[in-house]
Amino acid sequence: MEIINDSQKKLELEYPCSWSYKLIGHEKEAIQKAIHDVILEREHTLNHSNNSKTGKYVSLNLALIIQNEDERNFIYEALKKHKHIKMVL
């Protein structure tokens with residue numbers, strides 16, 4: 001698979017590979033629930049990334065092994081649609 005980034009250089013991914021999603025929401029616990037709802041008991045790492053200046057938002061980094069492009073896109077879309085997630089990067 002090839003991904004074109006802003007500099008127009010092609011990035012080739014070989015699956016399985018480690019992939020990270022940055023998740024932004026209002027509460028850490030709600031984001032954790034959303035992750036569980038989407039990936040269930042799947043092995044992953046979750047680290048705090050940042051809090052907004054006003055404290056309204058929190059971001060967490062989710063990393064896991066992805067088997068193929070379809071799985072990567074499915075997880076992205078499922079997280080993006082979850083009511084506790086405001087944004088997925």
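# A tour from the helix pair to the core

Select helix α1 (residues 28-39) and helix α2 (residues 69-81): their axes come within 10 Å and cross at roughly 140°. That angle makes α1 oblique to α2. The model on screen is a predicted one. Two packed helices are described by the angle between their axes and the distance between the axes. The crossing of α1 and α2 is also right-handed.

Next, show the side chains where the two helices meet. On the α1 side, pick Ala34, Ile35, Val38 and Ile39; on the α2 side, pick Ile75, Ala78 and Leu79. Sorted by class, this contact has seven nonpolar residues, with no polar and no charged ones.

**The whole chain**

Zoom out and colour by secondary structure. The protein chain has two helices and six strands. Starting at the N terminus, the order of elements is β-β-β-α-β-β-α-β. The chain has 89 residues, of which 29% count as buried. Among contacts with a separation of 6 or more, 62% are between residues 24 or more positions apart.

**The core**

Which residues of the largest nonpolar core touch the most other members? Select Tyr21, Leu23, Leu62, Ile75 and Leu79, which hold that place among its 16 residues. Then bring up β3 (17-25), α1, β5 (58-66) and α2, each of which supplies at least two residues of this core.

**Ile75, in α2**

Centre the view on Ile75, in helix α2. Is Ile75 buried or exposed? Its relative accessible area is 3%, so Ile75 is buried. Leaving out residues up to four places away in sequence, Ile75 touches Tyr21, Val38, Ile39, Arg42, Leu64 and Ile66. Two of these partners, Val38 and Ile39, are on the α1 side of the helix contact already visited. For a distance check, take the C-alpha atoms of Ile75 and Tyr21: these residues are 54 apart along the chain, and the atoms are separated by 9.3 Å.

**Leu62 and Ala63, in β5**

Move to strand β5 and select Leu62. With a relative accessible area of 0%, Leu62 is buried. Show what is around Leu62, again not counting residues up to four places away in sequence: it touches Trp19, Ser20, Tyr21, Leu23, Ile35, Ile39, His44, Thr45, Leu46 and Leu79. Among these, Tyr21, Leu23 and Leu79 appear with Leu62 in the group that touches the most other core members. A C-alpha to C-alpha line from Leu62 to His48, 14 residues apart along the chain, spans 9.1 Å.

Ala63 is in β5 as well. Its relative accessible area is 18%; the cut-off for buried is under 20%, so Ala63 is buried. Beyond the residues up to four places away in sequence, Ala63 touches Trp19, Ser20, His44 and Thr45. Those four residues are also among the contacts of Leu62. Ala63 and Tyr21 are 42 residues apart in sequence, and their C-alpha atoms are 6.5 Å apart in space.

**Lys80, back in α2**

Return to helix α2 and select Lys80. Lys80 counts as partly exposed, at 42% relative accessibility. Setting aside neighbours within four places in sequence, Lys80 is in contact with Ile85 and Val88. Now add Ile24 to the selection: Lys80 and Ile24 are 56 residues apart along the chain, and their C-alpha atoms are separated by 9.8 Å.

**Two backbone stops**

The last two stops concern backbone geometry. Most residues other than glycine have a negative phi, and most peptide bonds are trans.

First, go to the loop between β2 (10-12) and β3, where Pro16 lies. Which form does the peptide bond from Tyr15 to Pro16 take, with omega near -5°? This bond is cis.

Then select Leu40, in the loop between α1 and β4 (45-51). Leu40 is not a glycine, yet its phi is positive, at about 55°. With a relative accessible area of 53%, Leu40 is exposed.

To end, put the helix contact and the core on screen together. Ile75 and Leu79 belong to the α2 side of the helix contact, and both are listed among the core residues that touch the most other members. From β5, Leu62 is in that list too, and its contacts include Ile35 and Ile39, which lie in α1.

Definitions and conventions: Residues are numbered from 1 along each chain as its sequence is written. This is a predicted model: local features need pLDDT of at least 70, side-chain atom pairs count only at pLDDT 80 or more; totals for chains, interfaces and linings use all residues. Side-chain values use heavy atoms; hydrogens and water are left out. Axes are lines fitted to C-alpha atoms, for helices over the stretch in contact, and angles run from 0 to 180 degrees between N-to-C directions. Helices (H or I, at least four residues) and strands (E, at least two) are DSSP runs, numbered from the N terminus. Angles under 35 degrees count as roughly parallel, over 145 as roughly antiparallel, 65 to 115 as roughly perpendicular and the rest as oblique. A crossing is left-handed if the near helix is turned anticlockwise from the far one by less than a right angle, and right-handed if clockwise. Contact means heavy atoms within 4.5 Å. Ala, Val, Leu, Ile, Met, Phe, Trp, Tyr, Cys and Pro count as nonpolar, Asp, Glu, Lys and Arg as charged, and the others, Gly among them, as polar. A nonpolar core is a set of buried Ala, Val, Leu, Ile, Met, Phe, Trp, Tyr and Cys residues joined through side-chain atoms within 4.5 Å. Buried means under 20% relative accessible area, exposed over 50%, partly exposed in between (1.4 Å probe, protein chains only).
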